[in-house]
Structures are given as C-alpha cells and as structure tokens.
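Colleague: Could you take a close look at the aromatic side chains in this model and tell me how they are arranged? I would like one connected account that I can follow with the structure open.

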Amino acid sequence: LVILTSILIIIIISSGTFIRLLNLKLSNIISAKIAIDISTACYKNNLQEDYLFFKSNNSSDLINTNTFRIEQTMAGIIALFNLITSLIISTFIFITLLIINMNVTFIILLVISISYLVISSYSRKKYKINSQIISNQSSKQIKILQESFGSIRDIILNNSYMFFIEIYTNIEKKLKFKIVDNSFLATFPKYPIELIGIIILLTLGMILKIQNFDSVFILTTIGTFAFAAQKLLPTIQNIYFSWSSINSRMKDIEKVYETISKETKFIKRTARQKNFFQNFIKLDNVSFTYKNSNKSTLKNINLEIKKGERIGIVGKTGSGKSTLMSIMMALVKPTSGRLLVDGKDINKKDDLIFKWRTEISNVPQELFLIDDDFSKNIAFGISEQNIDIEKIMTASKKANTHEFISNTKNKYRTLV
C-alpha cells in the first residue's frame with residue numbers, strides 16, 4: 001500500500017508540474033491575444049464616439065482605459081487561468097489523500113477552507129476600496145503628466161515646478177501604497193496557513209500515538225500528508241492569490257468591460273463627392289443645450305452663408321462660438337432646428353453627415369502636431385502608401401509653408 005501510494009503521489013505531482021508549465025505558456029499566449037482584442041475594441045469604441053463624448057469625458061481617463069486598465073485586465077485574465085489550473089491540481093491531490101485517509105483529509109479540507117473564507121471576507125472589502133482608488137489615481141497620474149508637459153512653457157516662465165511635482169508625488173503615494181496593500185493582502189495568508197498545517201500534522205501524530213498505532217504507520221501517514229501538504233499548500237495559496245489578483249483589479253476590469261460593451265456605429269471612410277456643396281449653408285432656427293445643463297448655449301439661430309463668402313463669428317467667451325462651429329461642421333447635432341446645405345438637411349442621414357465633413361477643413365485654436373514628419377502632419381489620417389506628395393505641396397503652398405519646409409534638412413520628410 002505504501003509503495004502504491006508513493007507511486008500514485010509521484011504520478012499526480014509530476015502531472016501537476018507538467019500541467020502548470022503547459023498552462024503557464026498557453027495562458028500567457030491566450031491572455032495576450034485576448035488583451036490585444038480587448039484593447040483594440042476599447043480604442044475603436046471610444047474613437048468612434050461622437051464629438052460630445054470627448055467634450056464631456058476626461059482624455060486622461062480614456063487613455064488610462066487603453067493603457068493601465070488593459071494591463072490590469074490582462075493580469076486578471078492570467079490570474080483566472082492560474083486559478084483554474086490550481087483548482088484542478090489541488091482537486092487531484094485531495095482525491096489522493098481521500099484514498100489514503102478520508103477522515104483526516106476532510107478535517108484538513110474543512111480547516112483550510114474556513115481559514116481562507118475568514119481571510120477572504122476581510123480582504124474582499126479592502127480590495128473593493130483599493131481597486132477604486134488605484135483606478136482613479138492612475139487616471140489622475142496621466143492627467144497631471146498631460147497638463148504639466150503640455151504647459152511646460154508656462155511652468156518654466158512661472159517657475160511653478162514644485163506645484164506640479166507635489167501634485168504628482170501625492171498621486172504616486174496614494175497609488176503605490178494601495179498597490180502594495182493589495183500585494184500584502186494577496187500573500188500574507190501563506191504564513192498562518194503553513195502554521196495551521198504544521199499544527200494539524202503534529203496533532204494528527206499525537207492522536208495516532210494516543211490510539212497506540214504502530215510507529216511505522218504513524219511515520220508513514222504523517223510523512224505522506226507532510227509530502228502532500230508541501231505541494232498542496234502552495235497550490236491552495238495560488239488559488240487565493242489568483243482570486244485576490246482578480247478582485248484587486250475589479251474596478252479596472254469593470255471599466256474595460258463597460259467600454260467594450262458599448263454599441264458604436266461603424267464609420268466608413270467617405271470619398272469626397274463632387275458638387276455636393278454648390279450654393280449655401282443655412283442654420284434654420286437652431287438651438288443647442290448641453291447635457292445636464294438648464295441653460296441654452298444657442299437659441300433660435302438663423303444664418304445663411306453663401307458659397308465664397310468669408311464670415312467672422314465674434315462674441316464673448318462662453319457665448320457659443322465654438323458650439324456654433326461644431327454644429328456647422330456636423331460634429332454636434334442641434335437640440336432643435338436644422339443645418340441645411342443647398343437645402344439638404346445634413347443631420348437627417350449619416351451618409352449626408354459624412355459627405356458634408358469631406359467638404360470641411362478645420363484650423364483649430366490650439367495647434368496639434370503628431371510626432372512625425374511634415375508630410376504626415378499635412379496628410380493627417382492618410383496611410384503612408386496613399387500619400388500624394390504633389391497634393392501635399394499644393395496644400396503647403398496655399399498655406400504659405402512650402403518655402404519654410406523646403407529649407408529644412410529633409411524637406412517634407414523632416415521630423416516636426
């Protein structure tokens with residue numbers, strides 16, 4: 001029986017080792033593929049949202065979803081695979097122990113289960129709080145980086161380095177201490193559970209001795225359970241660690257799931273239609289009110305602009321100039337009223353909106369340049385193989401930038 005049991009344990013432990021190695025390789029590959037799909041879905045769903053979505057949501061939070069939160073979700077997926085594997089391995093070990101001694105195995109299972117349930121009931125609440133804080137602080141971290149690097153000229157002129165450094169340091173403290181707290185919660189049960197395991201084995205030995213069992217039987221039984229515990233306890237701890245890993249990232253996982261679950265319209269690239277705009281643009285009794293606002297930004301606006309006219313919109317800050325331009329560019333639909341182009345109600349069909357947008361060029365108040373050469377910036381949103389250098393040069397000449405670009409080292413290939 002002893003030899004048979006020993007062989008059985010060796011086979012099970014060897015199988016467990018092989019399963020672990022195989023799972024480690026496959027789970028990481030599968031997790032990476034899932035994370036790629038999730039990340040792409042998050043980016044696509046957010047990017048294809050309407051203009052008002054970006055006006056009402058902080059860009060740092062959107063960036064955080066596609067970076068930090070995706071990484072956290074991937075870690076959660078890996079943890080789920082590890083949890084499943086550890087459950088399978090521990091189940092096989094428990095089955096073997098049940099064959100050896102059912103009563104002792106049931107006692108061990110009961111004590112370990114109660115211990116982890118008590119620990120998890122405490123840590124679950126902590127994970128919920130910490131997960132929310134980590135998710136929020138990681139967004140704030142990206143926000144302060146964007147704001148400080150984006151306003152570096154003012155920071156230098158005003159000598160306000162310490163103001164931003166202090167904000168960043170406070171965010172880092174809250175973020176890192178909660179990450180460390182989660183790490184402690186995930187690993188600390190290992191040590192009290194090991195102590196409980198030793199106490200159970202010693203108690204088992206004393207009970208068997210009191211009942212006058214043979215010394216060889218006692219040593220064999222204790223040795224078998226001690227050897228099994230050496231493999232079982234780390235596996236059970238890995239189950240708890242994986243569970244903790246998922247719970248500590250739950251708020252980030254929920255945010256990612258919320259993003260990929262959104263229904264968005266597929267926006268196809270629309271070719272410019274010749275003669276789409278020939279005569280006039282008209283705003284017909286247009287009003288607009290932002291969401292969660294009781295005050296109308298625009299009210300009963302009537303305006304007609306003939307093709308070829310140059311019109312300036314003048315007004316105080318907050319009077320609705322930018323909103324008016326957004327409506328005219330079909331970035332925003334009016335709350336009431338119509339945007340008419342040659343009599344066509346642009347907002348009536350998505351197809352008309354896309355065609356109208358191909359007629360528009362936008363020169364923003366704040367200049368945005370991508371980290372690439374002049375040609376990519378001028379042909380913004382067009383893949384390199386489809387860039388027409390002649391069109392780029394024509395546009396550059398009209399904007400009076402051709403001479404400047406031509407005098408740079410690599411001309412239109414010069415990095416901005």
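Modeller: What follows is about aromatic rings and their surroundings. This is a predicted model, in which local features need pLDDT of at least 70 and side-chain atom pairs count only at pLDDT 80 or more, while totals for chains, interfaces and linings use all residues. Residues are numbered from 1 along each chain as its sequence is written, and side-chain values use heavy atoms, with hydrogens and water left out.

The structure holds 9 aromatic pairs (rings of Phe, Tyr and Trp, the last by its six-membered ring, with centres within 6.5 Å; planes under 30 degrees apart are stacked, over 60 edge-to-face, and the rest tilted). In one of them, the ring centres of Tyr116 and Tyr240 lie 5.4 Å apart, and the pair is called tilted because the two planes meet at 40°. This pair links distant parts of the chain, since Tyr116 belongs to helix α5 (residues 102-150) and Tyr240 to helix α9 (residues 215-247), with their positions 124 residues apart (helices are DSSP runs of H or I with at least four residues, numbered from the N terminus). Tyr116 has a relative accessibility of 9% and therefore counts as buried (under 20% relative accessible area is buried, over 50% exposed and anything in between partly exposed, with a 1.4 Å probe and protein chains only). Tyr240, at 4%, is buried too. These tyrosines do not stand alone, for Tyr116, Tyr127, Tyr240 and Trp243 form one aromatic cluster.

Another pair joins Phe374 and Phe404, whose rings are edge-to-face, with 6.2 Å from centre to centre and 85° between the planes. Phe374 sits in helix α13 (residues 374-378) and Phe404 in helix α15 (residues 402-406), so the contact of the rings ties together parts that are 30 residues apart in sequence. The partners have opposite labels for accessibility: Phe374, with 15% relative accessibility, counts as buried, whereas Phe404, with 56%, counts as exposed.

Two further phenylalanines have a lysine over the ring face (a charge sits over a ring if NZ of Lys or CZ of Arg is within 6 Å of the ring centre and within 35 degrees of the ring normal). Lys307 lies over the face of Phe277, at 5.5 Å from the ring centre, and Lys344 lies over that of Phe276, at 4.6 Å from the ring centre.

Note on methods
Helix = DSSP H or I, 4+ residues; strand = E, 2+ residues; numbered from the N terminus.
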